[in-house]
Amino acid sequence: MLERLFHLSERRTNVRTEILAGLTTFMTMAYILAVNPSILSQTGMDPNAVFFATAVAAGLVTMAMGLFVNFPIALAPGMGLNAYFAVVASAHGGQFSWQVALAAVFISGIIFVILTVTKIRQILVTAVPAGIKSGITVGIGLFITIIGLKLSHILVAEVHTSSDVIKTMTAQNGFVNSLHFWDWDLKFGNILAPDTLTALIGLAIIAFLMAKRVKGALLFGIIITTLIGIPLKATNIADFHWALPNFSNLAVGALDLKGAFTTGIGTLILTFTFVELFDTFGTLVGTGKKAGLIDEEGNSPAIGKAMLVDALGVSFGALMGTSTVTSFVESAAGIGEGGRTGLTSVTTGALFLLSLILAPIFIIVPDAATAPALITVGLLMMSGIKDINFDDFTEAIPAFLTIIMMPFTYSIANGVSAGIVFYTFLKLTTGKVKEIHWMMWILTILVIYRYVALAG
């Protein structure tokens, strides 16, 4: 049955490999179960309600991706978009209520469904040139690496700023975007700090296991590092106890569509739509190429189905009571373990649903244990750089900007946007207009409009 459903032998994989890959993906994503309630609770939402919505939305949508698309891609409420959601719907002076913000997410999902059914989103895959697609894969690898370095505190930011900025941060609950480049420096963390030391040991363990070509190296590394973290005080088992969360105050169906149409949330909807559009495109292309599910030209017969599941997942997540559900770059961890079919996603999704009961077990896995896996995945994603034509600067520069903008601006969308604009500009100014797909002109205009509007 599994062979017929997931075509395991055709993709040169087996049940054991797929389940290990699904476990690995879940382990690297499980932090969202703790982080999302913490972030969205700033809007006045019940943390337990957000936990429920996060687990159920991630579980069911990820399983749908596996069953209906046969892709090893996992989905959950996205980092960045949940922070934006919390800012605009903050209980401390936000522009909208969280119910209205959920309605904006729901509407953005409907827009995605329309764009997908009309095949406009699929045209993106054809329109974006091969160099940028390869750059997306590499950029996502570096993006995942920097996430791992931050989570482990191997990479830290040293801030040296004015008292005025500190006052602003205090007034805005720790958030400020007025820090200039000279106000901070990236530094190597304290290697004797429990989490950093644990992560470095974990990185060495995973590196050794991978060098020995041990199947399940990433997952085994996470488990071993979690155990090592106990005596090193990085794994907190003191608060471990069996207790089901209180789900008596759920936000299922609490979105305020009527309020959305009378509040003027056009900009909010456009922001959710734009960021999700490029984030999902980048993640699906980058991870799909790594899994061998997208050909050399970046095409796949299943990409339309994957985008449709992703689009429906956005609206479903809003109905459950959480911010935008999106494809997770951490899916690359499972792909790095050999995940090639939807069985990987089904496994990950099932674990998200199980987390409603087994949350205490999953939550004790520290960032220091999952961070080394993310760092290592960066290596696995780097191979795409050899497919970039560095002899043609009209191809190389857009690909390079795509790569570096993702980790350095902490956004997949920014990387894709930079690549698109510079590709169009360079082909236009060097007399190679015929190489520009018509959709690239539209994307370039939309990108420029979006960033000019943001600057304003």
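**Exercise 1.** Which residue's side chain meets that of glutamate 435 in a salt bridge, and what is the N to O distance?

*Solution.* The model is predicted, and the distances below are computed from it. The partner of glutamate 435 is lysine 427, at 2.6 Å from N to O. The cut-off for a salt bridge is 4 Å between a side-chain nitrogen of Lys or Arg and a carboxyl oxygen of Asp or Glu, so the pair qualifies.

**Exercise 2.** Find which other acidic residues, aspartate 392 and glutamate 395 among the candidates, pair with lysine 427, and place them along the chain.

*Solution.*
1. Take aspartate 392: a salt bridge joins this residue to lysine 427, with 3.9 Å between the closest N and O atoms. Aspartate 392 sits in the loop between helix H17 (367–381) and helix H18 (393–409), while lysine 427 belongs to helix H19 (residues 412–429). The two are 35 residues apart, and the pair links distant parts of the chain.
2. Take glutamate 395: its side chain meets that of lysine 427 in a salt bridge at 3.1 Å, N to O. Glutamate 395 is in helix H18 and lysine 427 in helix H19, so this salt bridge ties together parts 32 residues apart in sequence.
3. Put the pairs together: Asp392, Glu395, Lys427, Lys432 and Glu435 are linked in a network of salt bridges. The count of salt bridges comes to four.

**Exercise 3.** Decide for aspartate 392, lysine 427 and glutamate 435 whether each is buried, partly exposed or exposed.

*Solution.*
1. The cut-offs are under 20% relative accessible area for buried and over 50% for exposed, with partly exposed in between.
2. Lysine 427 has a relative accessible area of 0%, so this residue is buried.
3. Aspartate 392 has 18% relative accessibility and therefore also counts as buried.
4. Glutamate 435, at 43%, is partly exposed.
5. Glutamate 395 can be added to the list: both this residue and lysine 427 are buried.

**Exercise 4.** What is the sign of phi at arginine 12 and at lysine 233, and where do these residues lie?

*Solution.*
1. As background, most residues other than glycine have a negative phi.
2. For arginine 12, phi is near 55°, a positive value. Arginine 12 is in the loop between helix H1 (2–6) and helix H2 (15–29). With a relative accessible area of 80%, arginine 12 is exposed.
3. For lysine 233, phi is near 70° and likewise positive. Lysine 233 is in the loop between helix H11 (217–228) and helix H12 (257–263). At 69% relative accessibility, lysine 233 is exposed.

Terms used
Residues numbered from 1 in each chain as written. Heavy atoms only, no water. Helix = DSSP H or I, 4+ residues; strand = E, 2+ residues; numbered from the N terminus. Buried < 20%, exposed > 50% of the residue type's maximum accessible area, 1.4 Å probe, protein only.
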